[in-house]
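Trainee: Could you walk me through one part of this model in detail, the place where the two chains meet? I'd like the criteria spelled out along the way.

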Number of protein chains: 2
Amino acid sequence: MRFELEPIGVISSELTSLADAPMQGSEGAPDAWIDVDASFADALRGIEVGDEIIVITWFHRADRGTLQTHPRSDPRNPLTGVFATRSPDRPNPLGLHPVTVRAIDGNRLRVGPIEAIDGTPVVDIKPVL
Amino acid sequence: MRFELEPIGVISSELTSLADAPMQGSEGAPDAWIDVDASFADALRGIEVGDEIIVITWFHRADRGTLQTHPRSDPRNPLTGVFATRSPDRPNPLGLHPVTVRAIDGNRLRVGPIEAIDGTPVVDIKPVL
C-alpha cells in the first residue's frame, strides 16, 4: 500500500543550502514565498494576512532509510528514534512549519519564519486550530 | 513530480465509521492504538508515556479533487478554500492529530484523543515542539 503526494506549490527562499538553514523556523529563519500552483489557487480562498497556518513540506533531500539519529546532529545526544525527533531524515520526510501569513499576492503567500530551503516542495497548508 | 508515501502504521480504534467520528480530537474523540509496523519499531525509541506528539495520517477515503468546502459541512458557512480548513477532502489528504501518549506496548502506542477512524494509515509521528 503506497500513497502518491502531488506538490501543490514550492518554497521560494533566500535559503539555498541546508548548511545555512536553521533547524527550526524559530531559530532565526527568514520569511519566504510559497508559490502555489495555479491549479490549486481556489484552495487558498479564505486565507488572510496575519493568519497562523501550518505548511507541510516534503524534504526532498532526506534519507528515508534513517530510523534513529542523534538529535540536532550532536553525537553527544543519545541515539533517538526519528519519530521522537524533528529530523528531516525519516521514512516519510514530511516537514511541519507553523508560520504567519505576512502577505498574499495572487497565488503566492509570503510566510515566516520558515527554515525550508529554496525549492522545497509544499504538499499541504492547514490553519492552526 | 510525485512523491510516494509508505504507511508506517495503522490506527486501531473503536471508531469505525466517519459518521460517528467527531471532526476534531478535542470534540469527544476516544483514545486509540497506533500499530506501528515492526520494520519501523526502531524509530519509536525515545517516545515515552505522557509525551505530546503529532500523528500524521492519510485520509484514505478523502476526495482529492475538492478545492473548496463549507467548513464543518454546514452550508451556512461560506465556501472556503480547503487550505484554510481542516477538511479531510483536499489534494493531499494528510491529517494532523496532536495527541498524548497514554501507553506503550512494544510496537504499539496508545494515544488520544484522536478522531481518526479504525484502519486509517499513519505516515509519520513527530514530537510537539
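Mentor: Sure, and one criterion first: contact means heavy atoms within 4.5 Å. On that basis, 100% of the interface residues of chain A are also interface residues in chain B, so the copies meet through the same surface. Keep in mind that this is a predicted model, where local features need pLDDT of at least 70, side-chain atom pairs count only at pLDDT 80 or more, and totals for chains, interfaces and linings use all residues. As for bookkeeping, residues are numbered from 1 along each chain as its sequence is written, chains are lettered from A and ligands numbered from 1 in the order in which they are written, and side-chain values use heavy atoms, with hydrogens and water left out.

Now the contact itself: 45 residues come from chain A and 45 residues from chain B. Between them the chains bury about 4,600 Å², with 61% of it on carbon and sulfur atoms; buried area here is the accessible area (1.4 Å probe) that two parts lose on being put together, summed over both.

How are the copies related? Superpose them by least squares on the C-alpha atoms of residues with pLDDT of at least 70 in both, and a rotation of 180° with 0.0 Å of shift along its axis puts chain A on chain B, at an RMSD of 0.0 Å. The two copies are thus related as by a two-fold rotation axis. In chain A, the C-alpha nearest that axis belongs to Glu4(A), 2.4 Å from it.

Stay with Glu4(A) for a moment, since a strand pairing runs through this spot. Strands (E, at least two residues) are DSSP runs, as are helices (H or I, at least four), numbered from the N terminus, and two strands pair if DSSP finds at least two bridges between them. E1(A) and strand E1 of chain B (residues 3–5) run antiparallel and are joined by three bridges. In that pairing, Glu4(A) stands opposite Glu4(B).

On to charges. Side chains of opposite charge can pair when their charged atoms come close. The rule for a salt bridge is a side-chain nitrogen of Lys or Arg within 4 Å of a carboxyl oxygen of Asp or Glu. Over all chains the count comes to 14 salt bridges, and between chain A and chain B it is six. One of them links Arg2(A) to Glu4(B), with the closest N and O atoms 3.0 Å apart. Glu6(A) forms another salt bridge, with Arg2(B), and there the closest N and O atoms are 3.8 Å apart. Glu6(A) lies in the loop between E1 and strand E2 (9–12) of chain A and Arg2(B) in the segment before E1 of chain B, so this pair joins two chains.

Polar contacts are a separate tally: pairs of N or O atoms within 3.5 Å, where within protein one must be able to donate a hydrogen and the other to accept it, and residues adjacent in sequence count only if both atoms are side-chain atoms. Between chain A and chain B, 28 residue pairs are in polar contact, both residues at pLDDT 80 or more. On the side of chain A that touches chain B, the elements giving two or more residues are strands E1 (3–5), E4 (52–58), E6 (80–81), E7 (94–105) and E9 (121–127). E9(A) gives the most, with six residues. By type, this side divides into 26 nonpolar, nine polar and ten charged residues, where Ala, Val, Leu, Ile, Met, Phe, Trp, Tyr, Cys and Pro count as nonpolar, Asp, Glu, Lys and Arg as charged, and the others, Gly among them, as polar.
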